[in-house]
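Me: I've got a model open and want to check the labels people put on it. Can you go through the reasoning with me?
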Amino acid sequence: MNYENILAEKENGLAVITINRPTKLNALNKTTIQELHEAFKALDADKEVKAIIITGSGEKAFVAGADISEFADFDVAQGGELAAKGQELLFDFVENLSTPVIAAVNGFALGGGLELAMAAHFRVASDNAKMGLPEVSLGVIPGYGGTQRLPQLVGKGRAMEMIMTAGMIGAEDAKAYGLVNHVVPQAELVDFCKGIASKIMKNSPVAISAAIKAINANFTDGVNGYKAEIKAFGEAFGTADFKEGTTAFLEKRKAEFPGK
Ligand code: COA
């Protein structure tokens, strides 16, 4: 599919989505959010695709935030709608995708950029990456899940400080905070993520998608994560992937998961 502001490629079951507005530091405007929604949806529906990496084009930014020029004159209703629509189309959508999503944070990840990285299932940063939620410096608050996902990842006190100061942290601090899992030189970032993806892709896609749902259940209002886990665990016994995984183990061979 052809997009205006993103690139989407797939090779051997691994997809890479690149946000491609480098002159605007890959800021998320309405078109980009819509295109990301369509790309994630199409790749998630594609049975060949077993993992997705999301990154930004250029050497400077992953995403420098929501596009400020688009919302600077919004009123209260438009502001609420902006956050609700964005969460529905992109941030909640990515978090709840069945296919694993790795954010390769290759530079500035600010505001909506950090919120997008946090919506991904986990994050790897380049050593030059800088992360923050600077919204209060603009007189607004994070609106794409930042006030919820940042405390989940780094703890309430650190999230409070990051959000109140509107400051940026570097990649090593982000790793120490648990915000990113690994820090690697920028030139190696995407290949490093591909290496992790290749390990993921050896496993049962059906079980991985059930595990994503069970982990997310812990963070969903009104859902008991332990009960969700028990249900998904039981259901796994009815899948062809479970039969193949256990049979392959007992036959001392590598599993070839059918993905059903
Ligand atoms: N929305 C819209 N445009 C943005 C943007 C954003 N969030 N972030 C960067 N841009 C644009 C700049 O306006 C500039 O465009 P121009 O060349 O047409 O003037 C271009 O991207 C390059 O950015 P610039 O500010 O010149 O780069 P820099 O290296 O001096 O600074 C940042 C980099 C990231 C520190 C700075 O761009 C910045 O603070 N961006 C906004 C971050 C933010 O508040 N995000 C949260 C939004 S809710």
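Me: What makes Ala-64 and the ligand a polar contact?
Reply: This is a predicted model, so take the distances as computed ones. A backbone N or O atom of Ala-64 sits 3.0 Å from a nitrogen atom of the ligand. The cut-off for a pair of N or O atoms is 3.5 Å, so the pair counts as a polar contact. Ile-68 also brings a backbone N or O atom to 3.0 Å from a ligand nitrogen, so the rule covers that pair too.

Me: And why does Lys-24 get the label of polar contact?
Reply: Here a polar side-chain atom is involved, 2.4 Å from an oxygen atom of the ligand. That is within 3.5 Å, so Lys-24 qualifies. Overall, the protein buries 60% of the 860 Å² that the ligand exposes when taken alone.

Me: Which residues come nearest to the ligand?
Reply: Lys-24, Lys-60, Ala-64, Ala-66 and Ile-68, out of 16 around the ligand. By class, that shell has 9 nonpolar, 3 polar and 4 charged residues.

Me: Switching to the domains: how do you know that domain 1 and domain 2 touch?
Reply: Contact means heavy atoms within 4.5 Å, and 10 residues of domain 1 (6–200) meet that with 7 residues of domain 2 (205–250). Their C-alpha centres lie 26 Å apart.

Me: What is the size of that interface, as buried area?
Reply: Domain 1 and domain 2 bury about 600 Å² between them, with 64% of it on carbon and sulfur atoms. On the side of domain 1 that touches domain 2, the residues divide into 3 nonpolar, 5 polar and 2 charged.

Me: How many salt bridges and polar contacts are there between the domains?
Reply: The salt-bridge count between domain 1 and domain 2 is 0. The polar-contact rule does find 2 residue pairs across the interface.

Note on methods:
Residues numbered from 1 in each chain as written. Predicted model: local features only at pLDDT ≥ 70, side-chain atom pairs only at ≥ 80, totals over all residues. Heavy atoms only, no water. Near = heavy atom within 4 Å. Polar contact = N/O pair within 3.5 Å; in protein donor to acceptor, adjacent residues only side chain to side chain. Areas by Shrake-Rupley, 256 points an atom, 1.4 Å probe, with all protein chains shown as cover. Nonpolar A, V, L, I, M, F, W, Y, C, P; charged D, E, K, R; others polar. Domains from an automatic or database assignment. Buried area = accessible area lost by both parts, 1.4 Å probe. Salt bridge = Lys/Arg side-chain N within 4 Å of Asp/Glu carboxyl O.
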